[in-house]
Each structure stands twice: as C-alpha cells, then as structure tokens.
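Here are a few exercises to work through with the model open in your viewer. Try each task before you read its solution.

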Amino acid sequence: MTAHFDFTQKPWPLLIGGRESAAESGRMFETLDPSTGNVLARVADGGAADADRAIAAAREGFETGWGTLTPKARSRHLMRFADAIRARAEAFAWAETLDVGRPISITSTEVEGLADSVEYYAGILLGLSGETLNVSDPTLADFTLREPIGVCGLITPWNYPALLAVLKIAPALAAGNTAVLKPSEVTPVSSALLAECALEADLPPGTLNVVHGGAEPGMRLVTHPDVGKISFTGGTVTGQRIFEAAAKGMKRMTLELGGKSPLLVMEDADIGAAVEAAFTDNVRNSGQVCAACTRLIVQRSVHDEFVAALEERLRGVRVGRAQDPETQMGPVVSAAQRDRIAGCMAAAEREGAEVRRYVDLDGRDDLEGGYFLSPALLLNARAGMSTTREEIFGPVQSVLSFDTEAEGIALANDTEYGLAAAVFTRDSGKAMRAARQIRAGTVCINAGRKVSVDAPFGGFRMSGFGKERGKDALLDDTQLKNVRYALD
C-alpha cells in the first residue's frame, strides 16, 4: 500500500437526511495524526441543533422510507452499502492508520472485516421473525412480532472507529431502524468515509445520518424524545452519565464500557500460546483495546518461565510511525492519552510495582512529534494497586501470581469489570470450571481472540450490558410485541 491519501484536501461535512451539510454554527475542528502531531483533517463541528436536524431526518426516514421497506429490500440496500465500503478498503485502512495510529500492516487486513460485517447482517436479517406460542387458553391464537425501535443513536469511541461504527450501524439498519451516528471527535475520518459510502450506496434519505462533534451532539441524542435507543461504546464514567440521562426517557440501551480483563495461566498451560496471547494484547493498537487482558495472573510454578518468554517477545517489538509497513506498534492516540498512561506507570512505581519498559525510545528522531510509548509490564503487582484495578488503556500489563486454582479464579474475579477473560490450561476440567466461575461476558479457553462478527460480545457489571456482534445485536435492536387473537 502507498500512502497517497490526503484527508486535508477538503473539509469533511455532516450527513443529514441524505445530504452533506455544514454545521449550523459553521465551526470546524481539526484531527491530528498521532504519529507526527500534524493536522490530518478538518471536520464540521456539529452541535445540539445539528443533532436535532439529524434526528428529525432519521424520524422521517423511518416513517416514510427505510422503515417501510421489506426485509429483502433492506438486505439489498445493505449489500450495496457493503460493496461501497469494500471499494474504499484502502482509504479506510489509511484513515485508521493516520487517525488512530494503528500500523498500516494491520489496518490493511483489518478493513476486510468492515464489508463482511455489513454482509453478515444483510444476510441474517432475512431470518428475523417472531414465533407462534401454544398458550394455555384454547380460545386464543398467540404470536409475537419483532419490530424495529425507530431512531437509534450510535455513539462510538476513538480506538476502532470504523469497525465499531459498522458494528452498530449494520444491525440497527438490518432491524429496520434508522440511525444517527456520533463518532469520536478524536478519530472522525473513517466515519466521514462511511457517510460517503451511504451516499454512494443510495441509502434512502435519513437512513444513516452522521453528526461529528464533541459531547454536545452526543448528549442531545441521549436526551432527545424521538431517539428510541442509545448504543454507546466508551469509558465507564461516560457510560454512567449516559445511562442516567437516558433513563429519564426510558430508552433502550446497549453499553459496551471499560475492562480490566484477566489472562489466567495454569501451570499445565501451553506457555508459548499464553505468551503469544499476552503479547498481542499488550502491543495490538498500542494496548488501547477494551477487552485486552491487562491482568496477567500466572500460577507461581510457571511465573518466571512465562515472564521471561513474554519479556523476550516485548524486547523485539518494532515501535514506529504507523505509516511504516515494518511497524508492529504505533503511537497512542493523543498526547493526553500518552501523558495519562505515563502517569499510571508512575503511580504503579509509587505503589511498589517494578515497572519494566522493553523498547528504548530515547533519541529516536524518527518518532519526533508523535505520541509513542514503550510496551511495559508491572511486575510484583498486587490486587489492591490502583493500576491493577483501573483501566489504563495502553501497552501496560500487571503481572500477578497465584498458587491454587481457586486462588487464581478469585483473582480473575477481583475486579468491578466483567468484559472478557482468557484461560490457558490443558486440563478440560479446569477449563470448564474457570469458564463457569469467571464473571465475564466472554471467556476464551486457550485462545486470545475474543471477538468475531458472528458471536455475541458484551460485558457484565461495570463493563456494561447488552450485546454487540452476532444475532443478539440484531435482536437487541428490535422490540418484541405479543399479539393475542380471540378465536371465538
């Protein structure tokens, strides 16, 4: 791939009612390339008034356009949307690389999943149906209907902006809803490309609307009476505020929030496989992954072997600008994020952890202007440390030890979160006990990959509720109606 995409060539507008639009205020904001600190794009800075316009367009589109289509017609439209996304695969790859800082060697293959995800929902929507119920009253015929909710407000984060937007848009539209997307103002470029794909696919006006900007348009979606559902992915504190605000309107909600996921390594584990899973979660997207295993909980008898092997892998990581095809780990997304992570590691040292960094970035002139960190481990970590309990969202993992299986599972559950977990053991009994006892929405056994479009994903407790991905995401974007028909 060649970096010939210049996202500064034009200002990126909002998409409202099937038309590109400036913000009512006329304001723009800039997004930066985290590898260099240079301006990447200028984007329309929407506000509450723009959110109101988008919601009105979505409501009209639901009542007169998209919401009136047959399932087959919706499926065909979504297939065209997928085709438009696939035709722009290279642009999406560079948007994610230059806006997020994820290496081009990774985004160039990741973007294949964008169109695939839309096609998945375009296919399974044809099987969406209610059921006939054999109720106890013989004078009634009873059946259920799966109906769309109406207008869905979709609020996405900055770490995987294209993928997480698609994973909200596709099931919402497949279920017959219309949508207003409010992407993160930190990484808006791929969502602007999705807006262009919607126009190219000729989605009916109002079907998909995109409003860029900060917190103001997002909170307007949460409080507006014409929005029937909010789907939010992001930090737990913001999720709590959204939950409280949306409760006044009794909105349907999906919240995919923070995590502090455990990787539990038993003494009989395949150490190489466990190390590879830990390494990937440290380096992938510079550790800015909600489901990453950031608590490495290792049985004492294999602790030193595991740590030594993981350290060897981390020392070999190629940290560099995301545009470089040889880079394995790029920058974190912003200077603020870099400084916050550095502050967390300083706190770990004060609490008694041994902080080890594995790539020397001093004197690297090629990284000037960017927001780079070395992958790191916090050795001698304890369960009560703030850095063991709080989400850091960077290339940092705490390493803890345990002696017995029960102690390991207790450590895995010693968190307010419950998004994901991984367990490595060759003993099927241990594996199944861990799967049942660990309180997390996804538990992986001898595997590190926690998500795919065709399987449900979502957390427990402070990690939120509701499901994204899989058939369950489609069902979560519908409401179930019961019909009772008198036969007499």
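**Exercise 1. Work out the strand order of the seven-stranded open sheet, and find its edge strands.**

Keep in mind that this is a predicted model. Going across the sheet, you should get β14-β15-β16-β13-β12-β17-β18, and the pairing is mixed. Next, look for strands that pair on one side only: those are β14 (354–357) and β18 (442–445), the edges. Neighbouring strands here are turned against each other by 20° on average, ignoring direction.

Now zoom in on one edge. β14 runs antiparallel to β15 (residues 376–379), and four bridges join the two. Within that pairing, Arg356 sits opposite Leu377 of β15.

**Exercise 2. Find what helices α10 and α14 touch on the sheet.**

Start with α10 (residues 271–283): it lies across β12 (261–265), β13 (293–299), β15, β16 (396–402) and β17 (420–424). Its direction is at about 160° to β12. Then take α14 (residues 405–412), which packs on the sheet with contacts to β12, β13 and β16. Against β16, the direction of α14 makes about 150°.

**Exercise 3. Decide how the buried residues of α8 are arranged around its axis.**

First list them: in α8 (residues 215–223) they are Pro217, Gly218, Leu221 and Val222. Looking down the axis of α8, these buried residues fit within an arc of 145°, so they line one face of the helix. Finally, check what covers them: α1 (48–64), β7 (151–155), β8 (178–182), β10 (227–233) and α9 (236–247) are included.

**Exercise 4. Test whether the length of α7 agrees with 1.5 Å a residue, then check its burial.**

α7 covers residues 189–200, which is 12 residues. The span counts one less than the number of residues, so you'd expect 16 Å, and the end C-alpha atoms are 17 Å apart, which agrees. As for burial, 10 of the 12 residues of α7 are buried, so to speak mostly covered; among them are Val189, Leu193, Glu196 and Cys197. After α7 comes Asp202, with a positive phi near 60°.

**Exercise 5. Classify two of the four aromatic pairs in the structure.**

Take Phe7 and Trp12: the centres are 6.3 Å apart and the planes make 50°, a tilted pair. Both Phe7 and Trp12 are buried. For Tyr120 and Tyr121, the ring centres are 4.9 Å apart with the planes at 80°, so this pair is edge-to-face. Tyr121 has 0% relative accessibility, so it counts as buried.

Methods
Residues are numbered from 1 along each chain as its sequence is written. This is a predicted model: local features need pLDDT of at least 70, side-chain atom pairs count only at pLDDT 80 or more; totals for chains, interfaces and linings use all residues. Side-chain values use heavy atoms; hydrogens and water are left out. Two strands pair if DSSP finds at least two bridges between them. Axes are lines fitted to C-alpha atoms, for helices over the stretch in contact, and angles run from 0 to 180 degrees between N-to-C directions. Contact means heavy atoms within 4.5 Å. Buried means under 20% relative accessible area, exposed over 50%, partly exposed in between (1.4 Å probe, protein chains only). The arc is that of the directions from the helix axis to the C-beta atoms. Rings of Phe, Tyr and Trp (its six-membered ring) pair if their centres lie within 6.5 Å; planes under 30 degrees apart count as stacked, over 60 as edge-to-face and the rest as tilted.
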